[in-house]
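The exercises below are to be worked with the sequence and the coordinates at hand. Each task is followed by a solution that goes step by step.

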Amino acid sequence: MKFESQLQLQAYLDGEMPEAQRREVEAWLAWDPEARALLNELRQTDAALAVGDCDLKLPESREFYWSKIQREIRRLETADSVPDRSGVWHWLTLWRRWLVPVGGLAILTVALIWGAWFSGRPNSLEVVLTSGNGTTYRDQARGMTLVWLSFPAENRFPEDELDALLFY
Amino acid sequence: MNARGILLKCLACVAVGGLALTSPAGLRAADLKLEAQLIWGTNESRSPNPKHKAVQAEIAKRLKDLPFKWSHYFEVNRQRFTVSAAETKRVQMSDECEITVRQAEDGQVELVLIGKGRRVGKVVQRLPRHELLVLGGNAPNFTAWFVVLRQAD
Amino acid sequence: MASVEPSKTASASAVLDDMALVQAARQGDMAAFEELVARHRDKIYARAYSMMRSEQDALDLSQEAWVRAWQRLDQFQGESSFATWMTRIVINVCLDALRRQQHRRAESLEELEEEAGGVERFMPVVTVNPTAGLEREELRTRIDAALAKLSWAHRTALILHSFEGMDYKQIGQAMGCSLGTVMSRLFYARRKLAALLADLKEERTES
């Protein structure tokens with residue numbers, strides 16, 4: 001069975017299908033035992049999930065859990081209303097005359113150390129994705145680096161193409 | 001001499017020393033000969049496009065060794081080109097897909113993928129001989145595309 | 001936001017419904033908000049845990065969700081229950097965290113296999129109901145163990161669909177992916193879950 005057909009069965013089960021296509025799937029189910037078996041499996045899985053989540057209890061006391069939330073709320077509200085005179089930015093403002101030469105020296109030092117470190121490594125991988133999501137995989141044995149991008153075809157399935165996707 | 005003067009002198013010494021250490025001639029590569037392939041992955045045994053060819057056996061084996069759902073791979077386009085040290089090479093792989101390749105720092109290769117005129121992603125890494133750099137993504141109708149870059153013989 | 005000064009006692013807040021507590025909290029009543037937290041904390045923590053599979057992450061992110069809720073109380077208009085609204089917040093907080101985690105590491109081959117798809121077409125159909133005869137709590141435990149074995153993307157799609165009742169479009173919006181991806185992830189998650197539950201049934205039968 002094609003993957004697309006399997007997804008049709010799922011969409012049928014989930015009620016994500018117009019009525020006309022539902023009847024087509026029902027006609028298909030009438031003669032195809034493989035399709036009926038898969039649909040039945042999906043139904044059983046849904047039935048199992050219908051019992052719901054585990055009933056988890058928060059592993060902290062009410063007061064302790066709340067105290068952290070309350071502290072964070074107060075911290076954020078205090079930060080919004082009062083200029084920070086004790087933080088890093090205030091210190092930097094005072095010492096800005098030294099910031100450029102000292103900062104430049106620090107950056108140069110880091111760059112030298114970084115470059116020396118990388119020159120000894122067999123391979124470095126920098127993946128910068130300008131849009132979408134990516135998954136990187138390195139197979140040393142096969143000598144292959146694979147970068148799997150969720151672009152562009154993922155975004156080629158807008159709603160108005162869903163019908164064509166499901167019901168061709 | 002005041003503290004500022006001493007600091008600036010130190011900075012200058014470090015800068016000179018750093019340049020001496022980190023600009024080895026060996027890092028400047030010669031021309032790099034590369035091959036890029038645009039490949040289509042599908043479960044269909046035949047491609048509807050008669051211009052598609054069978055993927056080279058070596059590439060096909062490496063792709064099939066991966067646990068992807070596609071059972072067949074077709075070569076849409078293959079381009080061989082040379083990238084010199086100071087150049088960014090732009091290669092059209094299809095109507096909608098192009099790549100740019102340049103030699104980056106530390107012996108690495110920078111590959112930028114452009115889809116429909118928009119930058120999709122950039123990968124920078126070393127590409128030793130016989131290794132593959134593969135970008136992949138989903139294509140319509142649950143197929144997939146791959147751009148495979150490697151050093152050419 | 002009004003200054004934070006509680007004006008109601010905890011016992012007074014306990015008799016108010018959620019909407020009344022929200023309205024009081026909007027005026028800066030911290031005790032009212034604390035009562036909301038006490039009422040719904042288990043559910044919110046459980047949702048965070050089901051997504052993150054880490055007690056510490058679930059604690060941190062559920063608290064972050066509560067703080068975010070405090071900042072956005074004005075946005076709650078009662079079109080859904082407070083619990084539902086709060087659950088959506090913690091889901092978004094967890095999804096943000098999962099995306100940050102994903103970008104920080106290259107994934108293993110197994111996880112890539114899940115994302116790219118493939119194994120579900122090889123899975124034999126499970127024909128025997130793997131949950132027959134199980135007590136409710138035992139079934140929940142089995143399902144929870146099986147969910148832990150899915151990748152975050154597949155687990156999240158299944159949670160949003162089966163536990164939160166979202167449709168494909170809503171899941172796609174929440175997860176920032178296409179409908180096709182939602183359907184693939186959901187399908188993989190269901191088939192993998194069926195296989196895992198069947199394996200567990202076999203182990204139980206043999207023992």
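**Exercise 1: a helix and its surroundings**

Compare the expected span of helix α8 (residues 152–163) of chain C with the distance between its end C-alpha atoms, and determine how many of its residues are buried.

Solution. The model is a predicted one. At 1.5 Å a residue, the 12 residues of α8(C) should span 16 Å, the rise being counted one time less than the number of residues; the end C-alpha atoms lie 15 Å apart, which agrees with that expectation. Turning to burial, for which 20 or more other C-beta atoms must lie within 10 Å of a residue's own, one finds that 10 of the 12 residues qualify, so α8(C) is largely enclosed by the rest of the structure. Among these buried residues are C:His154, C:Arg155, C:Leu158, C:Ile159 and C:His161. After the helix comes C:Gly165, with a positive phi near 70°.

**Exercise 2: a helix pair**

Classify the packing of α3 (residues 30–52) and α4 (residues 55–71) of chain C, and describe the contact by residue class.

Solution. The two helices pack at an angle of about 135°, and their axes are 8 Å apart. That angle makes α3(C) oblique to α4(C), and their crossing is right-handed. The contact includes C:Phe33, C:Ile44 and C:Tyr49 from α3(C), together with C:Leu61, C:Trp66 and C:Trp70 from α4(C). Sorted by class, the contact of α3(C) with α4(C) has 12 nonpolar, one polar and two charged residues.

**Exercise 3: the whole chain**

State how many helices and strands chain C has, and what share of its residues is buried.

Solution. Chain C has 10 helices and zero strands, and 45% of its 207 residues count as buried.

Definitions and conventions
Residues are numbered from 1 along each chain as its sequence is written. Chains are lettered from A and ligands numbered from 1 in the order in which they are written. This is a predicted model: local features need pLDDT of at least 70, side-chain atom pairs count only at pLDDT 80 or more; totals for chains, interfaces and linings use all residues. Helices (H or I, at least four residues) and strands (E, at least two) are DSSP runs, numbered from the N terminus. Axes are lines fitted to C-alpha atoms, for helices over the stretch in contact, and angles run from 0 to 180 degrees between N-to-C directions. Angles under 35 degrees count as roughly parallel, over 145 as roughly antiparallel, 65 to 115 as roughly perpendicular and the rest as oblique. A crossing is left-handed if the near helix is turned anticlockwise from the far one by less than a right angle, and right-handed if clockwise. Two residues are in contact if their C-beta atoms, placed from the backbone, lie within 7 Å. Ala, Val, Leu, Ile, Met, Phe, Trp, Tyr, Cys and Pro count as nonpolar, Asp, Glu, Lys and Arg as charged, and the others, Gly among them, as polar.
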